[in-house]
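Let's walk through this fold together, one helix pair at a time, and finish at a pocket. Keep the viewer open as you read.

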Amino acid sequence: MNRIEWWLLKYEKEFKNVDKIESAKHIFLDNDGTVLRLPPTLKPNQNNKFLDLFNALDKLSNFYKFEEYFGQQMKEYDKIKTSKLELRNWLTKNEKLGADKFVCFLLDYLDYDEEDKVEHLSIFVLSAPEMDILVNRADFKNTIKFLKTFNEIYWNDEKIAKKN
């Protein structure tokens, strides 16, 4: 993740410039004066691939910012896991992250065809599916542990996770 963070910083200015150029290519003026932005119809060019790669890595970087928080939450969980009331409060406190912001994290990054080969996070770049980008699983160990624990309780334990 350190190299990804460095890469994002290094290419941030170029990303903004390329994004501006590519966005302007697909803007059209309708007969009534309405400005329309249409999606590109041709194969993605190098600029599109760069933009998609940057966005995919930036999204992962934003998830990475929660790694320390999830480590703290797992320490708290270990202290309160035997108390239904405290566990319910823990779920409520983390519901926005676990059931909203990170709801697809495990599927997006750890959903492999062959379960026994899951080792690292896989980054998918829409315009360049041929790219094989893997991120060390250890960089997200707290996130993965938190989400597996949260999901097991939140989605499967009706006695604790009283959802309205």
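A crossing is called left-handed if the near helix is turned anticlockwise from the far one by less than a right angle, and right-handed if clockwise. The helices and strands named here are DSSP runs (H or I of at least four residues for helices, E of at least two for strands), numbered from the N terminus. This is a predicted model, in which local features need pLDDT of at least 70 and side-chain atom pairs count only at pLDDT 80 or more, while totals for chains, interfaces and linings use all residues. Residues are numbered from 1 along each chain as its sequence is written, and side-chain values use heavy atoms, with hydrogens and water left out.

With that in hand, look at helix 3 (residues 67-80), which passes helix 6 in a left-handed crossing. Their axes (lines fitted to C-alpha atoms, for helices over the stretch in contact, with angles from 0 to 180 degrees between N-to-C directions) come within 8 Å and cross at roughly 50 degrees. Helix 3 and helix 6 are therefore oblique to each other; angles under 35 degrees count as roughly parallel, over 145 as roughly antiparallel, 65 to 115 as roughly perpendicular and the rest as oblique. On the helix 3 side, the contact (heavy atoms within 4.5 Å) includes Phe70, Met74 and Tyr77. Phe146, Thr149 and Ile153 are among the helix 6 residues that take part.

Helix 6 (residues 141-156) also meets helix 4 (residues 84-101), with axes that come within 10 Å and cross at roughly 115 degrees. These two helices are therefore roughly perpendicular to each other, and their crossing is left-handed. Leu87, Trp90 and Leu91 are among the helix 4 residues that meet helix 6, where Phe146, Thr149 and Ile153 are among the partners.

Now turn to helix 1 (residues 2-25), whose axis comes within 9 Å of that of helix 2 and crosses it at roughly 135 degrees. That makes helix 1 oblique to helix 2. The contact includes Trp7, Tyr11 and Phe15 of helix 1 and Phe50, Phe54 and Tyr64 of helix 2.

Where does helix 2 appear again? Helix 2 (46-64), helix 5 (105-110) and strand 3 (121-123) each supply at least two residues of the lining of the largest pocket. Among the residues that line this pocket are Ala56, Lys59, Asp108, Tyr109 and Phe124.

Definitions and conventions. On a 1 Å grid over the protein atoms alone, a cavity is a set of points where a 1.4 Å probe fits but cannot get out, and a pocket is an open set with protein on both sides within 12 Å along at least five of seven lines; lining residues have an atom within 4 Å of a point.
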